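Here's a quick tour of some charged side chains and the strands that carry them. Have the structure open as you read.

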Amino acid sequence: MKSVQTVMQASAACLAFAACGGTAWAGDARSVALENGSGETGYVRVARSPSLEPQQFTIDVTFRPDGPGLGNTQNTGGASVVAKPKEGIGGNFIYSWYLNWSPTTNKVSVSVSNNGSSAGAILESSSLVVTGQTVRASFTFDGQTMRLYLNGCLDSEITTDFSEVYYGSNDVLIGAANYGFGFLRRFDGSIDEVSIWNEALDAHQIEDLNAADGGSSLAAWWSFDGDSLADLSGNSNDGVAVGNVPFAPAPAFSCQGDLNGDGQIDLADLNQVLASFGQQTCLDANGDQVIDLADLNLVLANFGTDCP
């Protein structure tokens, strides 16, 4: 039986969004703003399709968590941003893959299942993503290595002891997992620009990725612009709203010094610098790969100001 593999490994790649040269999706305007936890619940369902079952892949999504979510999200598994789960049952590795965010650890986690029941690998981000912070997460699997990029920069990676991804008759869900025993793992917040590619894109491709450019490896792309759940890849993998799925303006990325992404450079950012001082992270203030004196000075110099 293959063992679970978990890693929290920082990368030496470029680390701040602005420093990486990445761009928020050009022309982006709208997102789905799920309210799972405020008395409403909803998610997006995409019907199973062979085009959504690549053995090597890239999952790319921009999201902003606004709360813990609904349905047993208060653990390391967290809330599901996008996943291909086996709904209505319990167990381990009961999915093809997932990209989640945990309100308990404030980390992004991704996973691939090898057999849909007992074998696979889990990778957790080194960097923290807090409530109210917008981040672009890119998850690749090339048949050997899982990699997680945040804002276009490599955050963590792990080599697996398997090469095959499990696929059953399961739909892709955006904002939910719907496992059994109350583990709905429904996401509370904004989700934008979801795309699935049938190849593991490399670091340079991730950095400059724009689904609007298309390409033969683009399997699905939901921009949510025009308040639409249509698949813009040309592969007809359109989404269907289940429950309450409102639309809202696309979430904004933070400015330098605003470590927690709330639009203000304030005491919360100062406390985050002090609490993480000396640590490597993909989301530091000035992009030099570590939270250090330069980040502290940047926060202090802009203290009390709002992001433009």
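Which backbone nitrogen does the side chain of Asp188 reach? That of Gly67, at 3.4 Å. Keep in mind throughout that this is a predicted model.

## Asp188, a buried acid without a salt bridge

Asp188 sits in strand β12, which covers residues 188-197. It's buried, yet it has no salt bridge. The nearest side chain of opposite charge belongs to Arg64, and that one is 8.5 Å away. A salt bridge needs a side-chain nitrogen within 4 Å of a carboxyl oxygen, so Asp188 goes without one here.

What does Asp188 touch, leaving aside residues up to four places away in sequence? One set of contacts is Leu34, Glu35 and Asn36; the others are Arg64, Pro65, Asp66, Gly67 and Gly69. So Gly67, whose backbone nitrogen the Asp188 side chain reaches, is also among the contacts by the 4.5 Å cut-off.

## A buried pair: Arg136 and Asp60

Searching the whole structure turns up nine salt bridges. One of them pairs Arg136 with Asp60, with the closest N and O atoms 3.0 Å apart. This pair ties together distant parts of the chain: Arg136 is in strand β8 (residues 135-141), Asp60 is in strand β3 (residues 57-65), and they're 76 residues apart.

Are these two partners buried or exposed? Arg136 has a relative accessible area of 2%, so it counts as buried. Asp60 is at 0%, so it's buried as well.

## The β9-β10 hairpin

Strand β9 (residues 145-150) and β10 run antiparallel, joined by six bridges. They make a hairpin with two residues between them, and Asn151 in the turn has a positive phi of about 55 degrees. Leu150 stands opposite Cys153 in β10. As for β10 itself (residues 153-159), the strand is mostly covered, with five of its seven residues buried.

Arg147 in β9 has a salt bridge to Glu157 in β10, 3.0 Å from N to O. The two are ten residues apart. Arg147 also meets Asp142 in a salt bridge, this time at 3.4 Å. How covered are the three side chains? Arg147 is at 24% relative accessibility, so it counts as partly exposed. Asp142 is at 27%, so it's partly exposed too. Glu157 is likewise partly exposed, at 27%.

Notes
Residues are numbered from 1 along each chain as its sequence is written. This is a predicted model: local features need pLDDT of at least 70, side-chain atom pairs count only at pLDDT 80 or more; totals for chains, interfaces and linings use all residues. Side-chain values use heavy atoms; hydrogens and water are left out. Helices (H or I, at least four residues) and strands (E, at least two) are DSSP runs, numbered from the N terminus. Buried means under 20% relative accessible area, exposed over 50%, partly exposed in between (1.4 Å probe, protein chains only). Lys and Arg count as positive and Asp and Glu as negative; His and the chain ends are not counted. A polar contact is a pair of N or O atoms within 3.5 Å; within protein, one must be able to donate a hydrogen and the other to accept it, and residues adjacent in sequence count only if both atoms are side-chain atoms. Two strands pair if DSSP finds at least two bridges between them.
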